[in-house]
Every structure is written in C-alpha cells, then in structure tokens.
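Visitor: I have a structure open in front of me. Could you show me how to read its features, step by step?

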Amino acid sequence: MRKKSNSRRVNSLPQQPSMASSLACSSRFLLHYRKISALVFFILVVCLIVVLNTSLRKEGVSRSDVPSNRLYTVEVVNEFPHDPDAFTQGLLYAENDTLFESTGMNGASSVRKVTLQTGKVKAIQRMPYSDFGEGLTLLGDRLIQVTWRQSTGYIYDRHNLSKFEKFRHDMPDGWGLATDGKILYGSDGSSTLYQIDPQTMKVVKKQIVNYQGDEVHRLNELEYVYDEVWANVWMTDCIARISQTDGSVLGWILLPNLREGLLHNLKKQIDVLNGIAWDRDGDRLFVTGKLWPKLYEIKLHPLKTPFNGDIKQMCMPPAFSFS
C-alpha cells in the first residue's frame, strides 16, 4: 500500500521542461527576432533611398536617371580620309573596304562609291539641282536613296550608278534610311521611326522613338546595327540606339570629342556629326560628319564613371520644322 501511495504521489507532480526543449524554444525566438530585425532594417534602407532620391530631384540632381551601362564613349581605332566637300547625308559599308555615300545640298547632291582607305571616289552619280540627297541604304543590289522635303527617292544599280529609277514613299519627308535585309527603316527628322515595305515603298508601321517618357526628335541618318536601329540626332554629337520592337532608346553613344578635335585642328568650318556605317562581317563601325575631312573607325566602351551631365539636354533637342 505504501508503494502504491508513493507511486501515485510521484505521478501527480507537474512535469518540468527538459533542457533540450528550452534550447529549442530559445532558438525559435532568436530566429524570429532576427527575421523581424532584418525586415525592419530593409524597410528603413528603402525609405532612406526614397528620401535621398526625392531630395536630389528637388535639388535638380538626376544621377540615377541615366544608368552608366546605357551610355557609351568611343575609342578611335583608325582614321581615314574623307572628302571635305561631301555634305554627308547617308553612309553605308558594302564590302572589300568599299563605302557608298549620299551627299546633300542643291547642286552638290550625289550618290558615290568610295574607297575606305583613301577616301577616293571610284564612281559618282550627280543629282539634279532640284534634288537634295538624303539617307541611303543597300538591299541586295539596290541602292535606295531618299531626298529632302520631297516624298520621292531613287533606286540605283549598285554596280552601275547611272542606272536608276525614281519612286515615291509615304513618309512626310526623307532624312534617313536603313535596312535589316527584309524591311526598310526611315526617318523624317521627327521622332517617328518608319518601317517600309521595300517592294511597294509603303509605310507598314510607325513607332515613336522615346527615352524615359520623352520623345526623341530630329532623327537623322540611320544604320541597322546589332539588331538595333542607330540614329544620328540632328544638331547633336549623339547616336541613339533604338529598339526595333518598341522604339525605346536602349542607350546613347556620345561622340563630342570627334567634332571638337576637328575644330581644334582645322581652320575650315565643318558641320554636324552625320553618317554611320557598319561592317557586319568584320564588326567594324565607322562614323563621319558633314564636310568632315576624316572618317573614323570607332570602338564602343560603356561609360564606367557616373555621368554628371544632363543626357536629355545633350542628346534630345526640341522638335524642329523647316516649314
């Protein structure tokens, strides 16, 4: 009876928690506390960033507006002679170090075949005084050129520039031309990028070129590079890299050093940067300008340091009309 009574007394006592269960509870509490602390810290950091950005914008600073990996400077790889009297409006690379070029100005407009290394004109077709030559592209054996302030252009036989025919297109004006080998891309000096059927010369699609919500006006000479449409922006030292799918600007190529270098070393007046050519097989890029005595082979380098300027002010002038 005493044993049974003692047994009941022992069983009736409350059980004490073991050391293992106490440690487990402590660990769960610490883990939960650390998660809450991390979340609070993250929220504070985000709030601080928002406050700083708001403060910078109020002070007119926009350092985060232009990611540095979307800006490119250029390295000059080679310099080649270029006709200083050529008012370059269109430029393209064919093959075997041969360029085709369209020049402007009434009475001086032409389409010409040029040797890259020497800048010598191998063949030329001069245009009537009434025509002001503009953008140029090559599709198969057809050199296609548009003219300024007219909805007309010319198609030349690349092997014989004296053989050509006139055509009409749907763009309000003719400034730039490029091709991906299937369709034509055109510009008219506005913010519109046109896609044109090369057989009918009818516009099949229009896109408004934009950067961070603002339209990019004055699109000029065009080139199709790396599945993008590259455009000189008239009266700037900038080239816009444009998405062919939605018209957004993917990046900017900054080239003020080229024109500034020429102005420093030349007494003769030159005009703006204009003319982009891409050697697809050799992956070489060439640029020049109107009345420039040099044509440059360039290599792009992403800007690695913060850009302290205003890219919109530098590369995006307001809309302009000659009418």
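Guide: Gladly. This is a predicted model. Begin with Asp-227, which sits in the loop between E16 and strand E17 (228–233).

Visitor: Is Asp-227 buried or exposed?

Guide: Asp-227 has a relative accessible area of 54%. Exposed means over 50%, so Asp-227 is exposed.

Visitor: And what is the phi of Asp-227?

Guide: Phi is positive there, about 60°, although Asp-227 is not a glycine. Now look at Asp-97, in the loop between E2 and E3. Its phi is near 55°, again a positive value in a residue other than glycine. Asp-97 counts as partly exposed, at 23% relative accessibility.

Visitor: Let's turn to aromatic rings. How do I describe a pair?

Guide: A pair of aromatic rings is described by the distance of the centres and the angle of the planes. Searching the whole structure gives 14 aromatic pairs. Take Tyr-154 and Tyr-156: their ring centres are 6.2 Å apart and their planes are at 40°, so this pair is tilted.

Visitor: Are those two tyrosines buried or exposed?

Guide: Tyr-154 counts as buried, at 6% relative accessibility. Tyr-156 counts as buried too, at 3%.

Visitor: Which class does the pair of Tyr-226 and Trp-230 belong to?

Guide: Their centres lie 6.0 Å apart, with the planes at 70°. Angles over 60 degrees count as edge-to-face, so that is the class of this pair. Compare the surroundings of the two residues. Tyr-226 is partly exposed at 36% relative accessibility. Trp-230 is buried, with a relative accessible area of 1%.

Visitor: Which residues do ring pairs link into a cluster?

Guide: Phe-80, Tyr-93 and Phe-286.

Visitor: Where do charged groups lie over a ring?

Guide: Here are two cases. Arg-149 lies over the face of Trp-148, 5.2 Å from the ring centre. Arg-241 lies over the face of Tyr-72, at 4.8 Å from the ring centre.

Visitor: Now salt bridges. What is the general idea?

Guide: Side chains of opposite charge can pair when their charged atoms come close. In this structure, a full search finds nine salt bridges. One of them joins the side chains of Arg-158 and Glu-95, at 2.8 Å from N to O. Arg-158 is in the loop between E8 and strand E9 (160–168), and Glu-95 is in the loop between strand E2 (88–93) and strand E3 (98–103), so the pair ties together parts that are 63 residues apart in sequence.

Visitor: How accessible are the two partners?

Guide: Arg-158 counts as buried at 12% relative accessibility. Glu-95 is partly exposed, with a relative accessible area of 34%.

Visitor: Which residue forms a salt bridge with Asp-170?

Guide: Lys-202 does, with the closest N and O atoms 4.0 Å apart. This pair also links distant parts of the chain, 32 residues apart. Asp-170 is in the loop between E9 and strand E10 (176–179). Lys-202 is in the loop between strand E12 (192–196) and strand E13 (203–208). Asp-170 is partly exposed at 39% relative accessibility, and Lys-202 is partly exposed at 45%.

Visitor: Which residues are linked in a network of salt bridges?

Guide: Asp-97, Asp-279 and Arg-284. You met Asp-97 earlier, with its positive phi. Within the network, the side chains of Arg-284 and Asp-279 meet at 2.9 Å, N to O. Both Arg-284 and Asp-279 are buried.

Visitor: What about a charged residue that is buried yet has no salt bridge?

Guide: Look at Glu-221, in strand E16 (residues 219–225). Its nearest side chain of opposite charge is Lys-290, 10 Å away. Next, look for polar atoms. A polar atom of the Glu-221 side chain lies 2.8 Å from the backbone nitrogen of Ile-276. Neighbours within four places in sequence aside, the contacts of Glu-221 include Trp-230, Asn-274 and Ile-276. Trp-230 is the buried ring from before.

Visitor: Where is Ser-151?

Guide: Ser-151 is in the loop between strand E7 (142–147) and strand E8 (152–157). A polar atom of its side chain lies 3.1 Å from the backbone oxygen of Met-171. Beyond its neighbours within four places in sequence, Ser-151 is in contact with Phe-167, Arg-168, His-169, Met-171 and Pro-172.

Terms used:
Residues numbered from 1 in each chain as written. Predicted model: local features only at pLDDT ≥ 70, side-chain atom pairs only at ≥ 80, totals over all residues. Heavy atoms only, no water. Helix = DSSP H or I, 4+ residues; strand = E, 2+ residues; numbered from the N terminus. Buried < 20%, exposed > 50% of the residue type's maximum accessible area, 1.4 Å probe, protein only. Lys, Arg positive; Asp, Glu negative; His and termini not counted. Polar contact = N/O pair within 3.5 Å; in protein donor to acceptor, adjacent residues only side chain to side chain. Contact = heavy atoms within 4.5 Å. Phe/Tyr/Trp six-rings, centres within 6.5 Å; stacked < 30°, edge-to-face > 60°. Lys NZ or Arg CZ within 6 Å of the ring centre and 35° of its normal.
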